[in-house]
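Colleague: I am new to reading protein models, and I would like to go through this one with you, question by question. Could you please set it out in front of us?

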Amino acid sequence: MAGRFDPLNRTAVRGGRTQVPPGPGPGPAAAEDGAGAGAGAGAGAGARRRRWSPEAPLDLGLTLGPLRRGPADPTFRTTPDGSVWRATRTPEGPATLRVSRAADGAIEAEAWGPGADWVLGALPALLGADDDPAAFVPRHRLVHASHRSRPGLRLTRTGLVLESLIPVVLEQKVTSDEAYRSWRRLVRRYGEPAPGPQETHQMYVMPDARAWAMIPSWGWHQAGVDMKRSSTIVRAARVAARLEEAAAMEPARAAARLEAVPGIGPWTSAETLQRSNGAADAVTTGDLHLPGIIGYALTGERDADDERMLELLAPYEGQRHRAARLILLAGRTPPRRAPRMYRSDIARF
């Protein structure tokens with residue numbers, strides 16, 4: 001069903017796999033690799049448009065999947081016509097972006113809102129044009145098989161730091177379901193409806209930096225967010241302009257910029273830069289499950305720690321994030337032998 005996660009195991013979903021239904025055919029015509037005012041009926045009315053032809057295979061679900069925060073993310077949806085919709089806050093204001101594949105393989109995009117031109121200008125980077133998959137050489141049989149079966153995997157680059165950072169902070173020390181629920185509650189309550197046609201109804205643009213900083217303590221509590229995570233988000237929102245500069249930095253400098261904010265460590269900065277900067281080598285350390293998954297997938301070891309994970313990923317230096325994603329997408333996970341992490345909702349207290 002459109003808009004739901006791919007029916008794979010949860011580890012593969014974490015690798016960024018989002019199901020995008022096959023489209024019925026070409027979308028509205030537009031100038032090749034250009035943006036301009038659009039006019040027409042239905043979803044295209046009043047839209048800015050761009051048509052872009054990728055130079056290599058491109059899987060929209062795999063490339064944009066990491067930007068989705070749960071199956072009911074109010075900023076992200078897929079529709080039965082094969083489109084991916086994304087509501088975002090750009091430096092020029094809110095925008096809604098719709099991308100789909102035409103019959104000839106080109107990408108057709110429409111955008112609405114004050115930030116429409118900005119998102120259309122950033123479209124190639126969003127769809128992995130800055131990525132260099134040719135630099136990746138599989139060194140393990142499982143990685144080779146996963147890589148060969150997913151030629152359309154590209155690493156997205158949004159160029160938007162705060163948008164990637166806040167949901168990552170919400171995921172600190174809680175289950176994914178809890179973090180997704182908090183994200184939905186906060187965006188719907190303090191964000192704004194996404195600009196665009198009827199298809200964007202029920203979609204929302206996340207709050208701006210000032211709005212994040214002004215959320216009252218009881219608002220965080222009602223969203224199920226504890227004081228440690230909410231304080232980190234407020235501190236980040238207060239220096240949002242400085243953090244956004246990290247989108248144009250090399251990964252090491254960008255990570256240092258983010259980690260200067262108390263409450264942001266290597267795990268949070270890596271997960272953020274993987275999306276905002278398309279950082280191919282930003283391997284996630286400090287994760288509860290990832291070392292064990294990678295150790296088990298590559299060697300059969302289920303008790304690997306960060307040090308062992310980095311040792312196993314050493315042959316992929318410069319491309320360790322891509323290697324980790326391919327391992328996650330392969331879906332080979334150790335059998336569970338401990339209770340699931342406890343789920344809670346402090347909003348009920």
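Colleague: Thank you; to begin with a single residue, is Glu110 buried or exposed?

Modeller: Please keep in mind throughout that this is a predicted model. Glu110 has a relative accessible area of 3%, and the cut-off for calling a residue buried is under 20%. By that reasoning, Glu110 is buried.

Colleague: Which residue does the side chain of Glu110 meet in a salt bridge?

Modeller: In general, side chains of opposite charge can pair when their charged atoms come close. The partner here is itself buried, with a relative accessible area of 14%, and the N to O distance of the pair is 3.5 Å. The residue that meets Glu110 in this salt bridge is Arg49.

Colleague: How many residues apart in sequence are the parts that Arg49 and Glu110 tie together?

Modeller: Arg49 and Glu110 meet through their side chains in a salt bridge. Arg49 belongs to strand 2, which covers residues 48-52, while Glu110 belongs to strand 6, which covers residues 107-112, so the pair joins parts of the chain whose separation in sequence is 61 residues.

Colleague: Which residues are linked with Arg49 and Glu110 in a network of salt bridges?

Modeller: A salt bridge also joins Asp81 to Arg98, with their closest N and O atoms 3.5 Å apart. Asp81 sits in the loop between strand 3 and strand 4, and Arg98 sits in strand 5, so this pair ties together parts that are 17 residues apart in sequence. Asp81 is partly exposed at 31% relative accessible area, whereas Arg98 is buried at 8%. The residues that share a network of salt bridges with Arg49 and Glu110 are therefore Asp81 and Arg98.

Colleague: What is the N to O distance in the salt bridge between Glu163 and Arg86?

Modeller: Both partners are shielded, in that Glu163 is buried with a relative accessible area of 11%, and Arg86 also counts as buried at 9% relative accessibility. The side chains of Glu163 and Arg86 meet in a salt bridge, and its N to O distance is 2.7 Å.

Colleague: Turning to the helices, are helix 14 and helix 16 roughly parallel or roughly perpendicular to each other?

Modeller: In general, two packed helices are described by the angle between their axes and the distance between the axes. Helix 14 (residues 290-299) and helix 16 (residues 320-330) have axes 10 Å apart and pack at an angle of about 75°. Angles of 65 to 115 degrees count as roughly perpendicular, and helix 14 and helix 16 are therefore roughly perpendicular.

Colleague: How many polar residues does the contact of helix 5 with helix 16 have?

Modeller: Helix 5 (residues 141-148) packs against helix 16 at an angle of about 85°, and their axes are 9 Å apart. Among the residues that meet are Ser146 and His147 in helix 5, together with Leu326 and Ile327 in helix 16. By class, this contact has 6 nonpolar residues and no charged ones, and the number of polar residues is 2.

Colleague: Finally, what is the phi of Lys173 near?

Modeller: In general, most residues other than glycine have a negative phi. Lys173 lies in the loop between helix 6 and helix 7, and at 73% relative accessibility this residue counts as exposed. Although Lys173 is a residue other than glycine, its phi is positive, with a value near 65°.

Note on methods
Residues numbered from 1 in each chain as written. Predicted model: local features only at pLDDT ≥ 70, side-chain atom pairs only at ≥ 80, totals over all residues. Heavy atoms only, no water. Salt bridge = Lys/Arg side-chain N within 4 Å of Asp/Glu carboxyl O. Helix = DSSP H or I, 4+ residues; strand = E, 2+ residues; numbered from the N terminus. Buried < 20%, exposed > 50% of the residue type's maximum accessible area, 1.4 Å probe, protein only. Axes fitted to C-alpha atoms, helices over the stretch in contact; angles between N-to-C directions. Parallel < 35°, antiparallel > 145°, perpendicular 65-115°, else oblique. Contact = heavy atoms within 4.5 Å. Nonpolar A, V, L, I, M, F, W, Y, C, P; charged D, E, K, R; others polar.
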